[in-house]
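Work through the exercises below with the structure in view. Try each task before reading its solution.

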Amino acid sequence: MRTSFALAVTLSGFTTFASAAAEKLTVLHTNDNHGRFWRNDQGEYGMSARKTLIDQLRKEAKEKNHHVLLLSGGDINTGVPESDLQYAEPDFKGMSLLGYDAMAIGNHEFDNPLEVLDKQIAWSNFPLLSANIFDKKTGEHAYTPYHIIKRGDLNIAIIGLTTVDTAKIANPEYIGNFEFREPVAATEPLLSKLEAKYQPDITIAVTHMGHYVDAKHGINAPGDVTLARNLPKNSLDMIIGGHSQEPICMEGKNTANTSFQPGDKCQPDQQNGTWIMQAHEWGKYVGKAEFVFENNQLTLVDYQLIPVNMYREDIVEGKTVKSLAGEKIPEDPEMLAFLTPYQEKGAAKISQPIGKLIGHLEGDRNKVRFVQTNLGRLIAKAQSESVAADFGIISGGGIRDSIKAGDVSYKDILQVHPFKNRITYLELQGQELIDYIAIAANFPPDSGAYCQFYGIEYEKSSDSIVIKSIAGKPFDMSKRYRFTLNSYNAAGGDGYPNVTNHAHFVATDTVDAEVLKNYFLKNSPIDASKI
């Protein structure tokens with residue numbers, strides 16, 4: 001059992017204080033892969049370069065007599081069409097080749113039917129963990145809750161945890177039989193069980209819950225800081241996290257280093273005796289934490305976020321200069337040979353142009369979850385026109401990328417719409433419609449629920465909504481209006497009302513990406529400034 005934690009040095013190198021009997025451990029970690037098995041157009045990240053880096057880090061650890069763990073904070077699915085169209089097969093199989101020891105189940109692991117997740121578990125030679133997802137019918141864990149690993153004389157327990165927001169942000173069609181229990185309530189009895197059965201020297205939580213500085217989680221479910229603070233001190237040695245997709249680098253107690261760039265030094269967070277670490281997203285970094293376990297104490301000796309061929313921006317003589325952070329990491333030939341057929345297969349399906357765009361359609365997550373954007377309007381417009389609706393809505397979390405000026409391919413469309421949600425519509429009138437719009441319009445910024453609108457104008461005060469017009473005409477309380485929303489929001493996703501049993505609800509068989517693709521085919525060239 002651990003009794004205390006301390007940072008032995010200022011993260012600049014080792015202090016050689018450990019005795020020969022001490023056990024040494026290096027923990028490597030990534031999170032939020034989101035389909036990025038392949039490098040981007042600038043040659044950044046990708047599993048082939050990650051393989052080279054991890055092999056080198058393993059070699060260095062062995063030379064220092066360190067044991068090694070490789071962990072993931074989850075969300076392997078959804079983000080790049082070449083991966084999405086193959087249900088992340090190259091990603092999970094690539095992780096197996098990289099030698100991952102365990103991962104947390106993320107909310108995006110439920111973007112597909114559960115049979116797909118079953119396949120992904122079968123593709124993986126490491127466990128996918130979650131201790132707080134339960135089967136409603138049996139009351140038992142729905143997935144493997146923990147994993148015990150032996151490294152030298154170290155007995156290591158790894159617990160998985162998934163954000164309870166999954167209950168509202170994952171597709172309700174797929175998770176309806178699951179209960180997502182509050183992480184502290186799920187973890188406390190499990191810790192007691194593990195202590196009694198295994199007496200672990202080190203206990204790690206791999207989580208997909210998010211890191212929110214000083215536990216200020218806003219509309220999001222509580223994350224890693226809340227977990228650490230609400231368990232008995234030192235219950236967890238470390239949390240290897242994901243979900244908030246950030247580098248956890250702190251300037252001081254409960255103060256984040258918001259200016260962190262690739263290649264900078266990084267101090268992880270520590271709460272209630274627990275280190276909290278996260279490596280941003282997409283395999284951009286491999287986190288490396290070096291520990292010494294001696295006299296029943298685990299001490300963090302050094303921590304780095306090592307960039308995987310990432311570029312940084314610096315101001316030089318008043319100008320912004322972009323440069324590679326560190327030396328170029330070559331791609332591992334065997335991993336590259338394994339992944340290339342998947343990349344070629346996916347690219348062949350989606351690379352052909354389907355239209356042309358003048359200007360830029362804004363779909364960045366820091367925009368569509370905060371303000372109305374031209375891409376949000378265009379999507380809602382395309383969906384409403386596809387079923388002759390009067391107006392359309394879509395939650396900002398359903399828009400996953402921007403579209404750049406120039407030729408637009410199906411790949412560009414799929415990066416905007418990776419979830420394969422169906423188009424649905426609902427017909428409401430009078431006060432029932434006002435009540436629905438009041439809910440949609442009141443989701444706050446900085447949440448996936450934040451609503452994008454097309455074809456409806458309204459005024460909002462602190463306690464009421466007044467609809468001014470729909471489809472360019474004054475609102476008529478006696479008229480029944482048709483509006484579109486995707487199947488995810490219709491089924492209650494992101495906290496929207498579940499309207500699937502409403503008498504005037506219709507679900508089509510058309511998916512969102514097809515609708516947006518067809519809109520480009522029909523209306524190209526599209527001028528972004530006129531939307």
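**Exercise 1: A loop residue**

D32 sits in the loop between β1 (23-30) and α1. This is a predicted model. Task: find the sign of the phi angle of D32.

Solution.
- Step 1. Check the residue type: D32 is not a glycine.
- Step 2. Read phi: the angle is positive, about 50 degrees.

**Exercise 2: The whole chain**

Task: count the helices and strands, then judge the overall dimensions of the chain.

Solution.
- Step 1. The chain holds 15 helices and 29 strands.
- Step 2. Its radius of gyration is 24 Å.
- Step 3. For 531 residues the globule rule gives 24 Å, so the chain is as compact as a globular protein of that length.
- Step 4. Now take the box along the principal axes: the C-alpha atoms fill roughly 80 × 50 × 45 Å.

**Exercise 3: Two helices**

Task: describe how helix α1 (residues 47-63) and helix α9 (residues 333-350) cross.

Solution.
- Step 1. Two packed helices are described by an angle and a distance, both taken between their axes.
- Step 2. The axes of α1 and α9 come within 8 Å. They cross at roughly 160 degrees.
- Step 3. Angles over 145 degrees count as roughly antiparallel. α1 and α9 are therefore roughly antiparallel to each other.
- Step 4. The crossing of α1 and α9 is right-handed.
- Step 5. List the residues that meet: α1 brings M47, S48 and K51, while α9 brings M335, L336 and L339.
- Step 6. Sort the contact by class: four residues are nonpolar, one is polar and one is charged.

**Exercise 4: A sheet of three strands**

Task: which strands stand at the edges of the sheet β21-β19-β29?

Solution.
- Step 1. The three strands form an open sheet in that order, with mixed pairing.
- Step 2. β21 (406-409) and β29 (526-527) each have a single partner strand, so they stand at the edges, and one side of each has no neighbour in the sheet.
- Step 3. Follow one pairing: β19 (residues 353-358) and β29 are parallel, over two bridges. I358 has D527 in β29 as its bridge partner.
- Step 4. Add the helix: α15 (residues 512-523) lies across β19, β21 and β29. It runs at about 70 degrees to β19.
- Step 5. Look at the loop between α15 and β29, where P525 is found. A cis peptide bond joins S524 and P525, with omega about 0 degrees.

**Exercise 5: A sheet of five strands**

Task: give the strand order of the sheet that contains β20 and β27, then place the helices on it.

Solution.
- Step 1. The order is β23-β20-β27-β22-β28. This sheet is open and its pairing is mixed.
- Step 2. β23 (451-454) and β28 (505-511) are the edge strands, each pairing on one side only.
- Step 3. Direction ignored, neighbouring strands of this sheet are turned by 25 degrees against each other on average.
- Step 4. Two bridges join β20 (residues 391-395) to β27 (residues 480-486), and these strands run parallel. F391 stands opposite F483 in β27.
- Step 5. Helix α13 (residues 430-441) lies across β20, β22 (422-429), β23 and β27. Its direction makes about 130 degrees with β22.
- Step 6. α15 also packs on this sheet, touching β22 and β28. Its angle to β28 is about 70 degrees.

Key. Residues numbered from 1 in each chain as written. Predicted model: local features only at pLDDT ≥ 70, side-chain atom pairs only at ≥ 80, totals over all residues. Heavy atoms only, no water. Axes fitted to C-alpha atoms, helices over the stretch in contact; angles between N-to-C directions. Helix = DSSP H or I, 4+ residues; strand = E, 2+ residues; numbered from the N terminus. Parallel < 35°, antiparallel > 145°, perpendicular 65-115°, else oblique. Left-handed = near helix turned anticlockwise from the far one by under 90°. Contact = heavy atoms within 4.5 Å. Nonpolar A, V, L, I, M, F, W, Y, C, P; charged D, E, K, R; others polar. Pairing = 2+ DSSP bridges. Rg over C-alpha atoms; globule rule 2.2 N^0.38 Å.
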